[in-house]
Amino acid sequence: MILYYAPGACSLGDHIALHEAGLTFDAVKVDLQTHTTEDGRDFGTINPKGYVPALVLPNGELLTENIAILSWIADKASSLQPQGETARYRLLETLAYISTEIHKGFKPFFTPGSTDAQKAKASDTITQRMTLLAGQAKDQFLFGSKVSVADAYLFVMLTWAKKFAVKIPESLSAYADRMRARPAVKLALEEEGLG
Ligand SMILES: N[C@@H](CCC(=O)N[C@@H](CS)C(=O)NCC(=O)O)C(=O)O
């Protein structure tokens, strides 16, 4: 398997989840400015969408989109998904919330020319949405005492919140520290040159 990633980008969540799952894979860095891989290939020929994450599955198929990749990883390592009758849908619900309401909420911070007012509005919205998620957390992690693929995704959003000085609830600061202490998180950060 090959994970195409950019250091500290949303693909870090997939990188962490792959390590949490104990799966074997190569991680190939993509320069998102030039759309070139670290081994000199045009990334557009690998993923026509042009963005990370992209995961080459064991059968050679390319899987894209965080929600799909994280769900695939959760299917390979059942300990990384909640258990119960509606658990699969709860996981999808949370991944979709992180992806469409939090991840995409950071857009003004990544868009050249965004005004301070746009960034302030985005910051307030992200704080509200993170607070809601924190209130739903069942225990040490989003779904209880065991880490899930959604925690890997949320952790990346918390690194972005720190970078852009977005306020987060106290409970999520402690949660981010707990995540950062996990061997899989440390390894993914090291491999992305962020250790
Ligand atoms: N819809 C995609 C979005 C992924 C995405 O936003 N990737 C960013 C990094 S976090 C990226 O590669 N941006 C570069 C670009 O779009 O050229 C997903 O959820 O996986």
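How many nonpolar, polar and charged residues are in the lining of the largest pocket? By class, there are 16 nonpolar, 9 polar and 5 charged residues in that lining. Keep in mind for every view below that this is a predicted model.

**View 1. The largest pocket and its lining.** This close-up takes in a pocket holding about 930 Å³ of space. Its lining is made of 30 residues, and A9, C10, L32, H103 and W160 are the closest to the pocket centre. Four helices each put at least two residues into this lining: helix 2 (66–76), helix 3 (87–103), helix 4 (107–110) and helix 6 (149–163). If you want to know who gives the most, look at helix 6, with 4 residues in the lining of the largest pocket.

**View 2. The ligand and its neighbours.** Here we go in on the ligand, which has 13 residues around it. C10, Y51, V52, E65 and N66 are the ones that come nearest. On the polar side of things, V52 uses its backbone: an N or O atom there lies 2.8 Å from a nitrogen atom of the ligand. Two histidines work through their side chains instead. A polar side-chain atom of H35 sits 3.3 Å from a ligand oxygen, and H103 likewise has a polar side-chain atom 3.3 Å from an oxygen atom of the ligand. You may recognise H103 from View 1, as one of the residues closest to the centre of the largest pocket.

**View 3. The buried residues of helix 2.** Which residues of helix 2 are buried? They are N66, I69, L70, S71, W72, I73 and A74. As for what lies over them, the cover includes helix 1 (11–20), helix 3 and helix 6, along with strand 4 (54–56) and strand 5 (62–64). N66 also turned up in View 2, among the residues that come nearest to the ligand.

**View 4. A cavity lined by helix 2 and helix 3.** The structure holds 1 cavity of 30 Å³ or more, and the space in it comes to about 50 Å³. Lining this cavity are S71, A74, D75, Q81, R88, L91 and L92. Helix 2 and helix 3 are the elements that give two or more residues to the lining. Sorted by class, the cavity lining has 3 nonpolar, 2 polar and 2 charged residues. Two names carry over from View 3: S71 and A74 are both on the list of buried helix 2 residues.

**View 5. The second largest pocket.** Next up is a pocket with a volume of about 250 Å³. Of the 14 residues that line it, E93, T94, Q136, K138 and F143 lie nearest the centre. Helix 3 and helix 5 (116–136) each supply at least two residues of this lining, and helix 3 gives the most, with 5 residues. The class count for the second largest pocket is 8 nonpolar, 3 polar and 3 charged residues.

**View 6. S114 in the loop between helix 4 and helix 5.** The last close-up is on S114, a loop residue between those two helices. Is S114 buried or exposed? S114 counts as buried because its relative accessibility is 17%, and the cut-off for buried is under 20%. A polar atom of the S114 side chain lies 2.8 Å from the backbone oxygen of P108, and the side chain also reaches the backbone oxygen of T111 at 2.9 Å. Leaving aside residues up to four places away in sequence, S114 touches P108 and K119.

Key. Residues are numbered from 1 along each chain as its sequence is written. This is a predicted model: local features need pLDDT of at least 70, side-chain atom pairs count only at pLDDT 80 or more; totals for chains, interfaces and linings use all residues. Side-chain values use heavy atoms; hydrogens and water are left out. On a 1 Å grid over the protein atoms alone, a cavity is a set of points where a 1.4 Å probe fits but cannot get out, and a pocket is an open set with protein on both sides within 12 Å along at least five of seven lines; lining residues have an atom within 4 Å of a point. Grid points are joined across faces, edges and corners, and a volume is the space filled by probe spheres set on the points. Ala, Val, Leu, Ile, Met, Phe, Trp, Tyr, Cys and Pro count as nonpolar, Asp, Glu, Lys and Arg as charged, and the others, Gly among them, as polar. Buried means under 20% relative accessible area, exposed over 50%, partly exposed in between (1.4 Å probe, protein chains only). Contact means heavy atoms within 4.5 Å. A residue is near a molecule or strand if one of its heavy atoms lies within 4 Å of it. A polar contact is a pair of N or O atoms within 3.5 Å; within protein, one must be able to donate a hydrogen and the other to accept it, and residues adjacent in sequence count only if both atoms are side-chain atoms.
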